[in-house]
Amino acid sequence: MKNSDAVWGKLVLAGFVGLAASIGTAVSAADPASSRITGDFGPPQGEPIHAVLASPPNVPPPIHRNYPAKVIVDLEVLEKEMPISEGVTYTFWTFGGTVPGSFIRVRQGDTVEFHLKNNPGNKMPHNIDLHGVSGPGGGAASSFTAPGHESQFTFKALNEGVYVYHCATAPVGMHIGNGMYGLILVEPPQGLPPVDHEYYVMQGDFYTAGKYREKGLQPFDMARAIDERPTYVLFNGAEGSLTGERALLAKTNESVRIFIGNGGPNLVSSFHVIGAIFDKVRFEGGTNMQENVQTTLIPAGGAAIVEFHPRVPGSYVLVDHSIFRAFNKGALAILKVEGPEDKSIYSGKELDAVYLGDRSQPNLSAVSAAARAASGGVLTVTDQVEAGKALFQGTCSVCHQPNGAGMEGVFPPLAGSDFLAANPRQAIPILLQGRKGKITVNGKTYDSVMPPMSQLNDDEVANILTYVLNSWGNPGGRIDMEEVRKVRTSLNKPGTSGSE
């Protein structure tokens, strides 16, 4: 009896399995949607839509559709010379004329018809690899485009998230290193939660033949790129692109969402906002969420979405927390927050100069003006003084104070300095190679260490010293770039010792 029950049970189970299989087959045949892959919501509906693209740091408006559509994206490649720092230009290769390229926003399930145009004035062929594409090359093989031509291909946006796109034409690293990257957001069908502000920021590392802030048009340096020794590490393609008059804006307690990407081509970003804690981070651009985050890693070719609420007013500094990149290579941006103070949250006072350096100034237009004047052979003392003043605020004022008074017993005064009056040019080697040990200024002895300011270019040293010589009761005069160059050359000769 027990054996027959067991056999009967097996037959019943087999019957249920077979019935379920037959029902499943029938359902699948009747409803093709049941076999559809994740993210495929069927064919596009309605009339085709031309995507609204946005230049950084702006983001296109959220999508308010409840159906998949055919979305047409038109993107043009432009090779153009643009500023990379004050008085420094670089020939960028761009998607849409900006670095990073235009922000693209579509909905999960949309069918994207992509048109890539290569401007007739360009010299190089280009293509595009979108990390949000499911298919070999991400569109690169389908979009290889010569100057003066246009390519078209189509893909379905199956996966929600924020994805990097970049040029993948050989040499790939050179194209990316010249600024050919951007972000595409694939919104989930229900959209993202509303916020008060959305911003678009991408980090990139740049490799120039000249040193950091060396003036003039700087070419790409392949050897530095291969060795991964960037001259600049930047947000949105230029030093100061998001500071001063171009800073991001918000008010206290507003919600801020930043789509933050890393174009590379080489470095990983340790993204941090000084003074803020991220409420939420969609790390690596995917669907997983982390909360209460201080710093988030963004790999080259990766992205993230960070959200936070600035609680008190002031300047919130966006940095790569590999910190020399922020203060010595340019990876620094500002979110300027206005609103009432809340002493219960934070009682301190804002002091931009400590964190921002020369970027605490509204702009560094005086530095650019001096560079143009020097290039044209018409540089005046006034030009140098104005440029030197802007640079002094970020390079020297923390120790020597904005008024040149120094700090008692530690940092000697620059104001009314008998040391400078006796021989102004003895300051040149001190800036270039530093100084340690005792020094007497205005009858008082100081004993401290001044590190070398070797990151400064010859024109920057000349302008800072000219500003100091013409300020705070000092005797006046000027230091020119050629003088600094000669001193630097002599100090670099073998056997030259540091100043004691």
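1. Strand β8 and strand β9 (residues 181–187) are joined by six bridges and run antiparallel. Helices (H or I, at least four residues) and strands (E, at least two) are DSSP runs, numbered from the N terminus, and two strands pair if DSSP finds at least two bridges between them. Residue numbers start from 1 along each chain as its sequence is written. The model is predicted, with local features needing pLDDT of at least 70 and side-chain atom pairs pLDDT 80 or more, while totals for chains, interfaces and linings use all residues; side-chain values use heavy atoms, leaving out hydrogens and water.

2. Across the β8/β9 pairing, Y163 is opposite I184, and V164 is opposite L183. On its other pairing, β8 (residues 161–166) meets strand β6 (residues 129–130) through two bridges, in the antiparallel sense. There, L130 stands opposite Y165 and D129 stands opposite H166.

3. How many residues of β8 are buried? Six of its six residues are buried, where buried means under 20% relative accessible area, exposed means over 50%, and partly exposed lies in between (1.4 Å probe, protein chains only). G161, Y163 and Y165 point one way from β8, V162, V164 and H166 point the other way, and all are buried. H166, which faces D129 across the β6 pairing, belongs to the buried set.

4. Strand β9 is mostly covered as well, with seven of its seven residues buried. Y181, L183, L185 and E187 point one way from β9, and G182, I184 and V186 the other way; all are buried, the charged E187 included. β9 also pairs with β4, in the parallel sense and over four bridges. In that pairing V106 has V186 of β9 as its bridge partner.

5. These pairings belong to an open sheet of four strands in the order β4-β9-β8-β6, with mixed pairing. β4 (104–107) and β6 stand at the edges with a single partner strand each, so one side of each has no neighbour in the sheet. As background, strands of a sheet pair through backbone hydrogen bonds, either parallel or antiparallel.

6. Another open sheet has five strands in the order β13-β21-β20-β15-β18, and its pairing is mixed. Its edge strands are β13 (248–251) and β18 (295–298), each pairing on one side only. Neighbouring strands of this sheet are turned by 20° against each other on average, direction ignored; axes are lines fitted to C-alpha atoms, for helices over the stretch in contact, and angles run from 0 to 180 degrees between N-to-C directions. Strand β15 (residues 269–274) is joined to β18 by four bridges, and the two run antiparallel. S269 has I298 in β18 as its bridge partner.

7. Two cis peptide bonds deserve a look. One joins V99 and P100, with omega about 0°; P100 is in the loop between β3 (88–95) and β4. Another runs from G264 to P265, with omega near 20°, and P265 lies in the loop between β14 (256–264) and β15.

8. Two residues other than glycine are listed here for positive phi. For E228, phi is near 60°; E228 is in the loop between α3 (222–226) and β12 (232–235) and counts as partly exposed at 46% relative accessibility. For Q401, phi is about 75°; Q401 is in the loop between α8 (397–400) and α9 (418–422) and is partly exposed, with a relative accessible area of 25%. Most residues other than glycine have a negative phi, and most peptide bonds are trans.

9. Helix α7 (residues 381–395) has 15 residues and should span 21 Å at 1.5 Å a residue; its end C-alpha atoms are 20 Å apart, which agrees. The expected span is 1.5 Å times one less than the number of residues. Buried residues in α7 are Q384, V385, A387, G388, A390, L391, F392 and Q393.

10. A search of the whole structure finds two cavities of 30 Å³ or more. On a 1 Å grid over the protein atoms alone, a cavity is a set of points where a 1.4 Å probe fits but cannot get out, and lining residues have an atom within 4 Å of a point. Grid points are joined across faces, edges and corners, and a volume is the space filled by probe spheres set on the points.

11. The second largest cavity holds about 40 Å³ of space. S85, E86, R213, K215, L364, V367, L391 and E460 line this cavity; L391 is also one of the buried residues of α7. By class, the lining has three nonpolar, one polar and four charged residues. Ala, Val, Leu, Ile, Met, Phe, Trp, Tyr, Cys and Pro count as nonpolar, Asp, Glu, Lys and Arg as charged, and the others, Gly among them, as polar.

Key: On a 1 Å grid over the protein atoms alone, a cavity is a set of points where a 1.4 Å probe fits but cannot get out, and a pocket is an open set with protein on both sides within 12 Å along at least five of seven lines; lining residues have an atom within 4 Å of a point.
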